[in-house]
Amino acid sequence: MTTTVSQRVFNFSAGPAVLPVPVLEQIQQDLLALPGVGSSILEIGHRTDEFGEILQSAKHGLRELLNIPENYKILFLQGGSRLQFSMVPMNLLRGQKKPADIVVTGSWGQKARDEAQREGQVNIAWDGKATNYDRLPKSDELKLSPDAAFVHITSNETIQGVQFQSDPDLGDAPLVCDASSDFLSRPISVEQYGLIYACAQKNAGPAGVTIVVIREDLLERSQDSLPGYLNYASHADQDSLYNTPPTFGIYVVGLVTQWLSDEVGGLQKMQDLNRIKAQLLYDVIDESSGFYTGHAQTQDRSLMNVTFRLPDEKTEEAFLSEAERQNMCNLKGHRSVGGIRASIYNAMPLEGVESLRDFMREFCGRHAK
Ligand code: PMP
């Protein structure tokens, strides 16, 4: 029996996360045979002309949406963003005799710091641990090195729900950004970055493919002594065909970029909608007279991951199980923050967020003293 859209729940998972229904339908339609190919995406070689077209179309889609300048390469890699925590310092720090500046704004920034420390000299430019990562640094709090090999930030901390509201200006060193959980959710100025990376499984596609956008001159830093797969230059030289790339993931990324351009109308429209969605939930939190307490400070709130607590754990459990009975799933917060996390990525429909907002109001009405 085929499943239908009406069987879908509102899935607030932090990742792998909800995908656009038209993308899922296209995958379903093409899964026996890609039009004109006679085999599915799961069955064709990565060096065929057919896959070549799919790869180019995914790259083209990303380049158009994000306005990626010609002097940046787009790579499709495996190993998730976790591998990027290692590949970035291996390629950009090794042999530089300079420190890497890391801005630690949450759990993912901590992990990026730990991996960079395995590789070379690290300067912690800021660490928000003292207040459990509920805010981002103000520019005068940052202790940047005068000669950093690169500066690393996490544009959106998926666990704590804090997000840089715009592209930060952090000086002359190449800015490296882990954009895993807000990639393609808004326009960005790519030329302000040296390298941007994002695992696909939040906004861009399925788990298994990680996108790296790197400025060409930085490829010169990759040393020949690096293991082949871990060397950005190997992937750039061979246009992501150094080895068998995650073909299915790349195909889905291509479909997601088409959906964003053709159906959403581009990243500015996407950001406008993401703002509206997030505001619906933050308004309920702010109007609840302290029944709901947001984790992130107001000015740094994430449009992607809305994190909040209820008065006690028992009430949180009741909230989660009632929400689930109303088809709103995967709302449990990460254990390091606790409480609730509503991940409302691009593909979460407005109706999903409205239904959560209505439930939150109604639940508060019943439980607030
Ligand atoms: N960085 C951020 C901001 C993330 O949200 C995640 C995954 N949740 C990662 C890195 C790690 O990604 P992966 O599991 O693909 O290695």
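The shell around the ligand has three nonpolar, eight polar and three charged residues. Here Ala, Val, Leu, Ile, Met, Phe, Trp, Tyr, Cys and Pro count as nonpolar, Asp, Glu, Lys and Arg as charged, and the others, Gly among them, as polar. This is a predicted model: local features need pLDDT of at least 70, side-chain atom pairs count only at pLDDT 80 or more, and totals for chains, interfaces and linings use all residues. Residues are numbered from 1 along each chain as its sequence is written, and side-chain values use heavy atoms, without hydrogens and water.

Of the 14 residues around the ligand (a heavy atom within 4 Å of it), R82, T158, D178, Q201 and K202 come nearest. Helix α3 (residues 80-92) gives the largest share of the shell, four residues. Helices are DSSP runs (H or I, at least four residues), numbered from the N terminus.

Polar contacts of the ligand (N or O pairs within 3.5 Å):

| Ligand atom | Protein partner | Distance |
|---|---|---|
| oxygen | R82, polar backbone atom | 2.9 Å |
| nitrogen | D178, side-chain N or O atom | 2.7 Å |
| oxygen | Q201, side-chain N or O atom | 2.9 Å |

Taken alone, the ligand exposes 400 Å², and the protein buries 85% of that. Areas are Shrake-Rupley values with a 1.4 Å probe.

The domain assignment gives domain 1 (25-264) and domain 2 (266-367). Their C-alpha centres lie 27 Å apart. The contact (heavy atoms within 4.5 Å) takes 29 residues from domain 1 and 25 residues from domain 2. About 2,300 Å² is buried between the two domains, and carbon and sulfur atoms give 52% of this. Buried area is the accessible area that both parts lose on being put together, summed over both. D134, I159 and V264 supply 22% of the area that domain 1 buries against domain 2, more than any other three residues.

Technical notes
A polar contact is a pair of N or O atoms within 3.5 Å; within protein, one must be able to donate a hydrogen and the other to accept it, and residues adjacent in sequence count only if both atoms are side-chain atoms. Helices (H or I, at least four residues) and strands (E, at least two) are DSSP runs, numbered from the N terminus. Domain bounds come from an automatic or database domain assignment. Buried area is the accessible area (1.4 Å probe) that two parts lose on being put together, summed over both.
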